[in-house]
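User: I am new to this structure and would like a close look at a single part of it, the largest pocket. Please describe what lines that part, and then set it in the rest of the chain.

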Amino acid sequence: MRTHCKLVLTLSLGLAATVAWAQNTPVGKWHTIDDETGEVKSLITITENGGVVAGRIEQLLRKGADPKALCAKCEGDRKDQPMVGLEIIRGAKQNRGEAVWEGGEILDPEKGKTYKLKLTPIEGGAKLQVRGYLGPFYRTQVWNRVQ
């Protein structure tokens, strides 16, 4: 009986560690948080294809947000595209041996500006540190994983 309990405990701990490790990635669904109000602003889905991550706005959640809004301030292929469905994260890749994704860009659709990007899962993957760079200046947000 004791051997059986030890085996179940060992398997349970191994499974928990695997689940925690699997969450230590930017891939998934995230709530963005408004810097000024602290309220949930949008739902972002980050996917991976061939080792490259991309993220799209799935839903605008801010009170009074127009679900049909267009990215009027955006440039290039995102100019005047609907905010819902808009790709705001492009081209980030995982640093070898680290839980950090860099090398891509992030778009601030409200300002129409793009920034260099660094994504770092924190708190066991429950949160995502999102840092946008423009030269020596940067801004960091923390997004919350949606379960």
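Analyst: A polar contact is a pair of N or O atoms within 3.5 Å. One such pair involves Asp108: a polar atom of its side chain lies 3.1 Å from the backbone nitrogen of Glu110. The model is a predicted one, and the values below are computed from it.

Asp108 is a useful place to start. Asp108 belongs to strand S5, which covers residues 101-108. Is Asp108 buried or exposed? Its relative accessibility is 13%, so Asp108 counts as buried, the limit for that class being under 20%. Apart from neighbours within four places in sequence, Asp108 is in contact with Lys113, Tyr115 and Arg139.

Asp108 also leads to the pocket. The largest pocket has a lining of 32 residues, and those nearest its centre are Lys41, Asp108, Glu110, Arg139 and Gln141. Asp108 and Glu110, the two residues of the polar pair described above, are thus both in that central group. Arg139 is in the group as well, and Arg139 is one of the contacts of Asp108. The volume of the largest pocket is about 730 Å³.

Which strands supply the lining? At least two residues each come from strand S1 (28-33), strand S2 (40-49), strand S3 (52-60), S5, strand S7 (127-134) and strand S8 (137-145). S8 gives the most, with five residues. Sorted by class, the lining holds 17 nonpolar, 11 charged and four polar residues.

Strand S1 can be followed further through Thr32, which is found in that strand. Thr32 is buried because its relative accessible area is 5%. The side chains of Thr32 and Ser42 are joined by a polar contact of 2.6 Å. Leaving out residues up to four places away in sequence, Thr32 touches Glu39, Val40, Lys41, Ser42, Ile44 and Trp143. Lys41, one of these, is also among the residues nearest the centre of the largest pocket.

The chain as a whole gives the setting. The protein has one helix and eight strands, and along the sequence they follow the pattern α-β-β-β-β-β-β-β-β. Of the 147 residues in the protein, 31% are buried. Among contacts with a separation of 6 or more, 37% are between residues 24 or more positions apart.

Some further local features complete the picture. How many disulfides are there? The count comes to one, formed by Cys71 and Cys74 with their sulfur atoms 1.6 Å apart. The link of Cys71 and Cys74 is right-handed, with 50° about the S-S bond. Both Cys71 and Cys74 are buried.

Two loop residues have a positive phi without being glycines. Asp80 has a phi of about 60° and lies in the loop between S3 and strand S4 (87-94). Asp80 counts as partly exposed because its relative accessibility is 40%. Glu123 has a phi of about 50° and lies in the loop between strand S6 (113-122) and S7. With a relative accessible area of 56%, Glu123 is exposed.

Definitions and conventions: Residues numbered from 1 in each chain as written. Predicted model: local features only at pLDDT ≥ 70, side-chain atom pairs only at ≥ 80, totals over all residues. Heavy atoms only, no water. Helix = DSSP H or I, 4+ residues; strand = E, 2+ residues; numbered from the N terminus. Buried < 20%, exposed > 50% of the residue type's maximum accessible area, 1.4 Å probe, protein only. Polar contact = N/O pair within 3.5 Å; in protein donor to acceptor, adjacent residues only side chain to side chain. Contact = heavy atoms within 4.5 Å. 1 Å grid on protein atoms, 1.4 Å probe; cavity = no way out; pocket = protein on both sides within 12 Å on 5 of 7 lines; lining within 4 Å. Points joined across faces, edges and corners; volume = space filled by probe spheres on them. Nonpolar A, V, L, I, M, F, W, Y, C, P; charged D, E, K, R; others polar. Disulfide = S-S within 2.5 Å.
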